[in-house]
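Trainee: I would like a close look at a single part of this model, and then an account of how the rest of the chain is arranged around that topic. Please take the backbone first and the side chains and pockets afterwards.

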Amino acid sequence: MMSVTDTQVREIVEKIMGGLSVSATISSRVENEAIFVNIDVQEPDRLLGREGRGLEALQYLVQRIAGRTAGEEELPPIVVDVNGYRKRREEELSLMAKEIAARVHASGASVLLGPMAAWERKIVHMAVRDEAGLETESEDSKAGRRVRIRARRKTDPEQAPGGPPDNAK
């Protein structure tokens, strides 16, 4: 059972918007034990910031304040969105990952993507996971965590999941 409700989280967001003097329509819902809050505003760039960094900071702030109410161990996942930005970004990243996967298939050369937030990297990993012969891996860099898409490394059949093929001796 959740110790913080979607109504409480929505009220936290309303107070933050008030403090920023931002007029917004805020809705919330619970889905799969996570709390989703959507903020609709006239000027979304003011909250989104460059490359969605403002949104990430806003979500972090909401999580921290809600964590004080609920206790960090009891806090359900909280996802904050502004004018449907996350959904659009998810579609963009999925399409980009599939296009790059096709290039990697054709050329055999790996591609290292730019720095991304954890939720964005997850979308790339999921978009490529069913591509035959390809794999993804997150890598550290000075600029932040990045995803590399490459041809799947050949493994020793003895070390492959499930052991060696039936015809191996």
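Trainee: How many residues lie between strand 5 and strand 6 in the hairpin that they form, and which residue in the turn has a positive phi?

Mentor: The model is predicted, so every value below is computed from its atoms. The hairpin of strand 5 and strand 6 has 6 residues between the two strands, and the residue in the turn with a positive phi is Gly144, at about 135°. Strand 5 covers residues 134-139 and strand 6 covers residues 146-151, and the two are paired in the antiparallel sense over 6 bridges. Two of the facing positions can be named: Glu139 is opposite Arg146 of strand 6, and Glu137 is opposite Arg148 of that strand.

The hairpin belongs to an open sheet of 3 strands, ordered 4-6-5, in which the pairing is antiparallel. Because strand 4 (111-112) and strand 5 each have a single partner strand, they stand at the edges, and one side of each is left without a neighbour in the sheet. As a general point, the strands of a sheet pair through backbone hydrogen bonds, and they do so either parallel or antiparallel.

The parallel case is found elsewhere in this chain, where strand 2 and strand 3 run parallel and are joined by 5 bridges. Within that pairing, Val37 stands opposite Val80 in strand 3. Strand 3 is mostly covered, since 4 of its 5 residues are buried, while for the protein chain of 169 residues the share that counts as buried is 33%. To place these strands in the overall order, the chain holds 5 helices and 6 strands, and from the N terminus on its elements follow the pattern α-β-β-α-α-β-α-β-α-β-β.

The positive phi of the glycine in the hairpin turn leads to two further backbone positions. Most residues other than glycine have a negative phi. Asn32, although not a glycine, has a positive phi of about 50°, and it is placed in the loop between strand 1 (24-31) and strand 2 (34-41). Its relative accessibility is 75%, so Asn32 counts as exposed. Asn83 is likewise a residue other than glycine with a positive phi, near 50°, and it is found in the loop between strand 3 (78-82) and helix 4. Here the relative accessible area is 22%, and therefore Asn83 is partly exposed. A third loop residue, Glu74, lies between helix 3 and strand 3 and is partly exposed because its relative accessibility is 47%. The C-alpha atoms of Glu74 and Val4 are separated by 8.1 Å, although the two residues are 70 apart along the chain.

Turning to side chains, the charged end of Arg29 sits over the ring of Phe36, 4.6 Å from the ring's centre. In a second such arrangement, Arg86 lies over the face of Trp119, at 4.7 Å from the ring centre. Pairs between aromatic rings, by contrast, come to a count of 0.

Arg86 and Trp119 also appear among the residues that line the largest pocket, together with others including Gln59, Val79, Glu90 and Met126. This pocket has a volume of about 510 Å³, and the elements that give two or more residues to its lining are helix 4 (85-107) and helix 5 (118-128). Helix 5 supplies the largest share, with 5 residues. By class, the lining of the largest pocket is made up of 5 nonpolar, 2 polar and 4 charged residues.

The second largest pocket has a volume of about 310 Å³. Of the 16 residues in its lining, those nearest its centre are Arg53, Pro115, Met116, Ala117 and Glu120. The elements that contribute two or more residues to this second lining are helix 3 (53-70), helix 4 and helix 5. In the second largest pocket the lining residues divide into 7 nonpolar, 2 polar and 7 charged.

Definitions and conventions: Residues are numbered from 1 along each chain as its sequence is written. This is a predicted model: local features need pLDDT of at least 70, side-chain atom pairs count only at pLDDT 80 or more; totals for chains, interfaces and linings use all residues. Side-chain values use heavy atoms; hydrogens and water are left out. On a 1 Å grid over the protein atoms alone, a cavity is a set of points where a 1.4 Å probe fits but cannot get out, and a pocket is an open set with protein on both sides within 12 Å along at least five of seven lines; lining residues have an atom within 4 Å of a point. Grid points are joined across faces, edges and corners, and a volume is the space filled by probe spheres set on the points. Ala, Val, Leu, Ile, Met, Phe, Trp, Tyr, Cys and Pro count as nonpolar, Asp, Glu, Lys and Arg as charged, and the others, Gly among them, as polar. Rings of Phe, Tyr and Trp (its six-membered ring) pair if their centres lie within 6.5 Å; planes under 30 degrees apart count as stacked, over 60 as edge-to-face and the rest as tilted. A charge sits over a ring if NZ of Lys or CZ of Arg is within 6 Å of the ring centre and within 35 degrees of the ring normal. Two strands pair if DSSP finds at least two bridges between them. Buried means under 20% relative accessible area, exposed over 50%, partly exposed in between (1.4 Å probe, protein chains only).
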